[in-house]
Amino acid sequence: MNRKKLLVGSGVLVMLLSGVLLETLYSAGVFRTIEPHYTGICTRVDGVVGAEDITIDPVSGIAYISAMDRRTLAATGEHLGGIYTYVPGTFETPVELTHDYQGNFHPHGIDLWQDKSTGNDRLFVINHPPAVDTDDTGPRQTSQIDIFDVTLAGLQHVRSVKPNEPVSLNDITAAGADSFYASIDQGSTTPLGRTLEVYGRLARAGVLYGKGEATRKEVGGLVYANGVQLNSDGSRLYVAETTGKRLSTYAVDPRFGALAPITELDLDSGLDNIEIADDGTLWIVSHPKTFDFLAHAGDAKKRSPSQIFTVKTDGDQLVAREIYLNDGDPISGASVAAPYKDRFLIGSVFEPFILDCSIPSD
């Protein structure tokens, strides 16, 4: 009798584990068929490696590119990233900006703040300088926010803001000259915890709010929060989740920066960075096959499909439209699509180039 119960229990456990595995594979897009489509024209622009995030000055048209050669960093343990500028439609080699930041500069998500009264610009940068664990087991990456004034001479460092608890930051959106929201992609602090969080799609991510030197975790319970973006008047914050595959909208308290959930939109893809057009349309890049992206991270020859959605706001409702889908070529593992007038730029986590594309007319 006990043996029979054991067999039954083992069978139930196997069925449960098989169900979890199948659901995980399905969610990761393993069984998805990719049918590439895009009606515009893209031109490859070399000269920048690992353009993970791009934001464009809507006045000057200058694109700021956050770049990091992550394959060299993984192979050698040494590499400094940089911020580059590029003007859409010129197809000229991006130019690296000089800066006076003292220390290892490993930029990730970025955003541009413009003071309309003075015309002064500030660039907010998620930076991951390496640190050494307290037990000296080896290097690890930390997360901080570095703020720069944009000048004719380059980037002048204003301050570094370190979160009041160890979190992994990904993207950032400026809420003022000294305030911001940043996505917390993983809440776990150990390598094992982060692995379980990613593959188990555990809701430990969130959003960090910062003002001056102070920070606080404003939102929790998200599943790998990635892109964050404010609308033009700062009244709405949009947050994209990668393994959560969801776009959420929050109302912003202008006095204290508190966030109140409004609505959410499920998109069957691993959402990455968010950029915003002049008309308020959101541009979101995603990974339709997330396991393919993980494979591409380990081997450049393994290609990862890329997808782009535009999302329009109708009141508090979100209406999405897919405008681009590839099978890993001409760009693999795309992470950002930044629009400007009749063009948009596509950057990626690992590729040694960006794409400068025409916006489809249909």
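**Aromatics**

I went for the rings first and found Tyr38, Trp283, Tyr324 and Phe344 grouped in one aromatic cluster. Note to self: this is a predicted model.

How many aromatic pairs does a search of the whole structure find? I got eight. One of the pairs is Tyr101 with Phe105, which comes out tilted, with 5.7 Å centre to centre and 45° between the planes. I checked burial too: Tyr101 and Phe105 are both buried.

Next I looked at Phe105 against Phe148. Their ring centres are 5.7 Å apart and the planes sit at 70°, over the 60 degrees needed, so I logged this pair as edge-to-face. This pair ties together distant parts of the chain, 43 residues apart. I placed Phe105 in the loop between strand E5 (95–96) and strand E6 (107–114), and Phe148 in strand E10 (residues 144–151). Phe148 is buried, as is Phe105.

**A charge over a ring**

Which residue lies over the face of Phe350? I found Arg71 there, at 4.3 Å from the ring centre.

**Nonpolar core**

I then pulled up the largest nonpolar core, which has 15 residues. Those with the most contacts inside it are Val48, Ile54, Ile56, Ile65, Tyr86, Leu345 and Ile354. Strands E2 (51–56), E3 (63–67), E4 (82–86) and E24 (334–340) are the elements that each give two or more residues to this core.

I picked Val48 for a closer look and skipped its neighbours within four places in sequence. Val48 is in contact with Ile65, Ala67, Tyr84 and Pro94, and also with Glu351, Pro352, Phe353 and Ile354.

Definitions and conventions:
Residues are numbered from 1 along each chain as its sequence is written. This is a predicted model: local features need pLDDT of at least 70, side-chain atom pairs count only at pLDDT 80 or more; totals for chains, interfaces and linings use all residues. Side-chain values use heavy atoms; hydrogens and water are left out. A nonpolar core is a set of buried Ala, Val, Leu, Ile, Met, Phe, Trp, Tyr and Cys residues joined through side-chain atoms within 4.5 Å. Buried means under 20% relative accessible area, exposed over 50%, partly exposed in between (1.4 Å probe, protein chains only). Helices (H or I, at least four residues) and strands (E, at least two) are DSSP runs, numbered from the N terminus. Contact means heavy atoms within 4.5 Å. Rings of Phe, Tyr and Trp (its six-membered ring) pair if their centres lie within 6.5 Å; planes under 30 degrees apart count as stacked, over 60 as edge-to-face and the rest as tilted. A charge sits over a ring if NZ of Lys or CZ of Arg is within 6 Å of the ring centre and within 35 degrees of the ring normal.
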